[in-house]
Amino acid sequence: MKTIAILTSGGDAPGMNAVIRSVVRTAIYNDLKVLAIKEGYNGLIKGDIETMTLSSVADIIHRGGTILRTARSEEFMTEEGMTQALDVIKKFKIDAIVVLGGDGTFRGARELAKRGIKVIGIPCTIDNDLGYTDYTIGFLTAVETAVSAISKLRDTSESHGRAIVLQVMGRNCGDIALYSGIAGGAESIVVPEVKLDIDAIINKIKNGKKRGKKHHIIVAAEGALDAYELEKIIEEKGGIETRVTVLGYVQRGGVPTVQDRILASDFGYDAVNLLISGKSGLVLGYKNGKIIELDIDEALEAKKEFNKDLLNMVDILSI
């Protein structure tokens, strides 16, 4: 093996640059050529590729986003798109590709693996919705961003005596809502994995007011219920003045946390060494405090298990 390529696909996540830095420097240390594929699988189809050097990844470990840029590519999953991608791989003499992204990115990597291309996948998505790993790169940073928002919203919630619904990202996974809600001391957490009990939320707000509590923060995952619909129900059914804040894409940006930087560096280092040892068709993950490697098919089939015990704990801690 002489040449490794790297791409980032799908939604960006804080920590992607730390992975890129680790892959590039580990590969160069082992006398491998490193190519950057720009804008994900779109760049692979178009041949938007350039050589990376040590200087290419200087001073990026602390930066959010991805210096390689990213995109979603429907064309890549067509026969024509795949044929073009394979031609580009041959043209640039690419021996293996390290792909950074989430579920959709791994499905693209699996298609390449089926066609004989050596690939290693690294989980980079703030949603933390991959079932085989405890944490994905970017998740913990997104949680920190949400916690910061909760702290600020509590000030205005208390000043006006209103309930506030904070809608966070995560698609159909409630982990950002759960973890940020716990860390931020939210009174209620709404996630798609657990049926909404609106009466319980309204009763908790009213009981809090009876003992002089002025604020009530509800963290809602975007896949659970539209935040404005939740606001409407609370106001109409409970008579409680409520406001909504949709945190949105601010969760994807920002300086990655220490945990994300360390995990990202470890993933990048391991990915290159796995390829050097002759392994491929794998994705890396973090399970029970250890880095793991798993077949792409097994990883994609793994079901995400929501931690209901943590959610039950919130009900007790927020009485």
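The paragraphs below lead through a predicted model, beginning with a sheet and the helices that lie across it, then turning to a loop residue and to two residues with unusual backbone angles.

The sheet is an open one of four strands, paired in parallel in the order 7-8-6-9. Strand 7 and strand 9, the latter spanning residues 242–246, form its edges, and because each of them has a single partner strand, one side of each is left without a neighbour in the sheet. From one strand to the next, the twist averages 20°. At one of these edges, strand 7 runs parallel to strand 8 (residues 216–221), to which it is joined by three bridges, and in this part of the sheet Val 190 stands opposite Ala 220 of strand 8.

Two helices can be followed across these strands. Helix 7 lies across strand 6 (163–168), strand 7 and strand 8, and its direction makes an angle of about 160° with strand 8. Helix 8, formed by residues 227–238, lies across strand 6, strand 7, strand 8 and strand 9, running at about 170° to strand 9.

Between strand 7 (188–190) and helix 7 (198–210) there is a loop, and Glu 193 is found in it. With a relative accessible area of 25%, Glu 193 counts as partly exposed, because this value falls between the 20% under which a residue is called buried and the 50% over which it is called exposed. Leaving aside residues up to four places away in sequence, Glu 193 touches Asn 172, Cys 173, Gly 174, Phe 306 and Lys 308. Among these, Gly 174 has its backbone nitrogen 2.9 Å from a polar atom of the Glu 193 side chain, while Phe 306, although 113 residues away from Glu 193 in sequence, has its C-alpha 6.9 Å from that of Glu 193.

The backbone offers two further places to look. Most residues other than glycine have a negative phi. Arg 69, however, has a positive phi near 60° without being a glycine, and Asn 128, likewise not a glycine, has a positive phi of about 55°. Arg 69 belongs to the loop between strand 3 (49–52) and helix 3 (79–91), whereas Asn 128 lies in the loop between strand 5 (118–123) and helix 5 (139–160). Are these two loop residues buried or exposed? Arg 69 is partly exposed, with a relative accessible area of 38%, while Asn 128 is buried, with a relative accessible area of 0%.

Conventions:
Residues numbered from 1 in each chain as written. Predicted model: local features only at pLDDT ≥ 70, side-chain atom pairs only at ≥ 80, totals over all residues. Heavy atoms only, no water. Buried < 20%, exposed > 50% of the residue type's maximum accessible area, 1.4 Å probe, protein only. Contact = heavy atoms within 4.5 Å. Polar contact = N/O pair within 3.5 Å; in protein donor to acceptor, adjacent residues only side chain to side chain. Pairing = 2+ DSSP bridges. Axes fitted to C-alpha atoms, helices over the stretch in contact; angles between N-to-C directions.
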